[in-house]
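Here's a quick briefing to read alongside the model. Two topics come up: a pocket and a disulfide.

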Amino acid sequence: MSAGRWVLGSLVTILAVGMLGAVLVLGAVALQLDTWADRSANQPAGAAHPTVSPSPTGACPATDDDTPAGCLPYDPEALMRSNDAYRQRSSTPEDAALAARSVPAVEAALAALTGSGGTFRSQDVVDALTAAGFTTVQTTGDTDVWGDGTTAFGIGVSVPGGCVFGDVRPGVLALESGGPIADGGCLEMPSH
C-alpha cells in the first residue's frame, strides 16, 4: 500500500468517526430538547417557571425591614438564648426544696474560711466541704479566665435534690440552691 493511499484512508476514517460523533451529539441534544418540550407542555397555563435565587453572601440580623439581597437572615436574640441553654438549671419544686435544705450545712462548712478575712485557695474550699461530708464539689480554680490568680471562687456542691452553688471569697459567702445545669454538674464555668 502506498503512502498516499494510507493517508487518504486515514482521512476517510477520521471524517467518518467525526461525522458519527456529530450525529450522536446532535441526537442527544434533540432528545434533551424533546424532554424539555414535554415538561413545558405538561405545566398548567400561567404556571410560574422556577427561578434561581442568588446564593447568600453573608448573614444579616433579621429586622422588620426588607432583607438586603445576598443576605441570609438570622435572629441574634434566638441564637443568644440557644447559646446560653447549657447554663439553664432545671429541677422539680420538690427537688429544689430538698436542695435548699443543704444551704446552711454548706455555709457552716465554709464559715471558717470566709469569716477569717484571710486568703485561701480553691483546694482549701474543697477540703472544707469534703471534711463536712460533701463528696461532689466543683470549684472554678485558682485562676480566672485570663489565667490570673484569684481569691474568689465559684463553687458547686452536689446535694440531695440538686445543687448548692455560688461565690466564695475572703469575707463573702453568697450561696443559692437549684437543679444541676443542662451541661451536667452544679457549677457553671466562667465565661469571658
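**Pocket and disulfide at a glance**

The largest pocket has a volume of about 260 Å³. Keep in mind that this is a predicted model. Strand β5 turns up in both topics, since it gives the largest share of the pocket lining and also holds one cysteine of the disulfide, C163.

**The largest pocket**

- Its lining is made up of 16 residues.
- Nearest the centre of the pocket you'll find F153, G154, I155, G166 and D167.
- Three strands give two or more residues each to the lining: β4 (153-159), β5 (162-169) and β6 (172-178).
- The biggest contributor is β5, with four residues.
- As for chemistry, the lining is a mix of seven nonpolar, four polar and five charged residues.

**The disulfide**

- How many disulfides does the model have? The count comes to one.
- The bond runs between C163 and C186, with the two sulfurs 2.0 Å apart.
- The link between C163 and C186 is left-handed, with -70° about the S-S bond.
- C163 sits in strand β5 and C186 in the segment after β6, so the bond ties together parts of the chain that are 23 residues apart in sequence.
- Are these two cysteines buried or exposed? Both C163 and C186 are buried, which here means under 20% relative accessible area.

How values were computed:
Residues numbered from 1 in each chain as written. Predicted model: local features only at pLDDT ≥ 70, side-chain atom pairs only at ≥ 80, totals over all residues. Heavy atoms only, no water. 1 Å grid on protein atoms, 1.4 Å probe; cavity = no way out; pocket = protein on both sides within 12 Å on 5 of 7 lines; lining within 4 Å. Points joined across faces, edges and corners; volume = space filled by probe spheres on them. Nonpolar A, V, L, I, M, F, W, Y, C, P; charged D, E, K, R; others polar. Disulfide = S-S within 2.5 Å. Buried < 20%, exposed > 50% of the residue type's maximum accessible area, 1.4 Å probe, protein only.
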